[in-house]
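Please open the structure in your viewer and keep the selection box handy. We will go from one stop to the next, and at each one you will hear what to select and what is there.

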Amino acid sequence: MLATEEEVNQYMKAALREARDAKIIGEVPIGAVIVHDGKIIARGHNMREHSQNGMHHAEILAIEEACLVEHTWRLEDCELFVTLEPCPMCAGAMINSRIANCYWGAADPKAGAAGSIVNLLTDSRFNHQVGSIGGVMADQSAALLQDFFRGIRAKRKAAKEAAAAGAKDVAPVDIDEDEDIDPKLEQVAPAPELKGQAALEALAKEEAARIANGTQPEIK
């Protein structure tokens, strides 16, 4: 059953908050939440730079946490809200975990697998189809990403100008234009070290405790 417009906006605001948390620590600002029976049971935001693991997208981390909370890999009654159109990897994870519906924000013309390049979510050739609802609060999602990459470009420009001026205290910068973020150019704030399954289980227990105690964080 599809969420109401009010619910969709509420949950997407929670995903946007996750995206802002990612931005604070220098990660590409993409966030996701998973909802079951009207409650947020899992959250995730990009952690690729901190973990140096290309699979640590917001959706993947949220799905892993949801599976721990629900004690099953089958998330058939769950809905996922994410600020950016899912990539092929994340779309595949949703199909394999049987997510019911995916609500996403801004389109991704370079890697979108919910219609921009391909549409894996609703492809009837797979044994499960995920309902795909795009463009939810897309302006807010896009603004976060644009602001983040504007900052990256400014740092690149400053580095080039400093190098051209012959500044002695500026180290050479190897810029890969294909990368979303270059760790050499973005100062990443410290974050708790990821410790695989133990870290995910701790997050799941914390989420379950919040649900049981009725202390869900306020959505802003």
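Let us begin with the rings: the structure holds three aromatic pairs. Here, rings of Phe, Tyr and Trp (its six-membered ring) pair if their centres lie within 6.5 Å; planes under 30 degrees apart count as stacked, over 60 as edge-to-face and the rest as tilted. Select F81 and Y103: their ring centres are 4.5 Å apart and their planes at 5°, so this pair is stacked. F81 sits in strand β3 (residues 78–84) and Y103 in strand β4 (residues 101–106), so the pair ties together parts that are 22 residues apart in sequence. Helices (H or I, at least four residues) and strands (E, at least two) are DSSP runs, numbered from the N terminus.

Before going on, a word about the model. It is predicted, so local features need pLDDT of at least 70 and side-chain atom pairs count only at pLDDT 80 or more, while totals for chains, interfaces and linings use all residues. Residues are numbered from 1 along each chain as its sequence is written, and side-chain values use heavy atoms, with hydrogens and water left out.

Are these two rings buried or exposed? F81 is buried at a relative accessible area of 0%, and Y103 is buried at 2%. (Buried means under 20% relative accessible area, exposed over 50%, partly exposed in between, with a 1.4 Å probe and protein chains only.) Now add Y11 to the selection: ring pairs link Y11, F81 and Y103 into a cluster.

Next, select helix α5 (residues 138–164). Its 27 residues reach 38 Å from the first C-alpha to the last, close to the 39 Å expected at 1.5 Å a residue; the expected span is 1.5 Å times one less than the number of residues. Its buried residues include L144, L145, F148 and I152. What covers the buried residues of α5 includes α1 (5–24), β3 and β4, where contact means heavy atoms within 4.5 Å. Just after α5, look for G166, which takes a positive phi of about 75°.

Stay on α5 for its charged side chains. A search of the whole structure finds four salt bridges, each a side-chain nitrogen of Lys or Arg within 4 Å of a carboxyl oxygen of Asp or Glu. Select K23 and D147: their closest N and O atoms are 2.2 Å apart. This pair links distant parts of the chain, with K23 in helix α1 and D147 in helix α5, 124 residues apart. Now add R150, which forms a salt bridge with D147 at 3.8 Å between the closest N and O atoms. Shared partners join K23, D147 and R150 into one network of salt bridges.

Which cysteine sulfur is closest to that of C90? It is the one in C87, 3.7 Å away and too far for a bond. With a disulfide taken as a pair of cysteine sulfur atoms within 2.5 Å, the whole structure has zero disulfides.

For the last stop, select the hairpin of β1 and β2. Strand β1 (residues 31–36) and β2 pair in the antiparallel sense over six bridges; two strands pair if DSSP finds at least two bridges between them. Pick V35 and you will find its bridge partner, I40, in β2. Two residues lie between the strands, and D37 takes a positive phi near 55°. Finally, select β2 alone (residues 39–45): six of its seven residues are buried, so the strand is largely enclosed by the rest of the structure.
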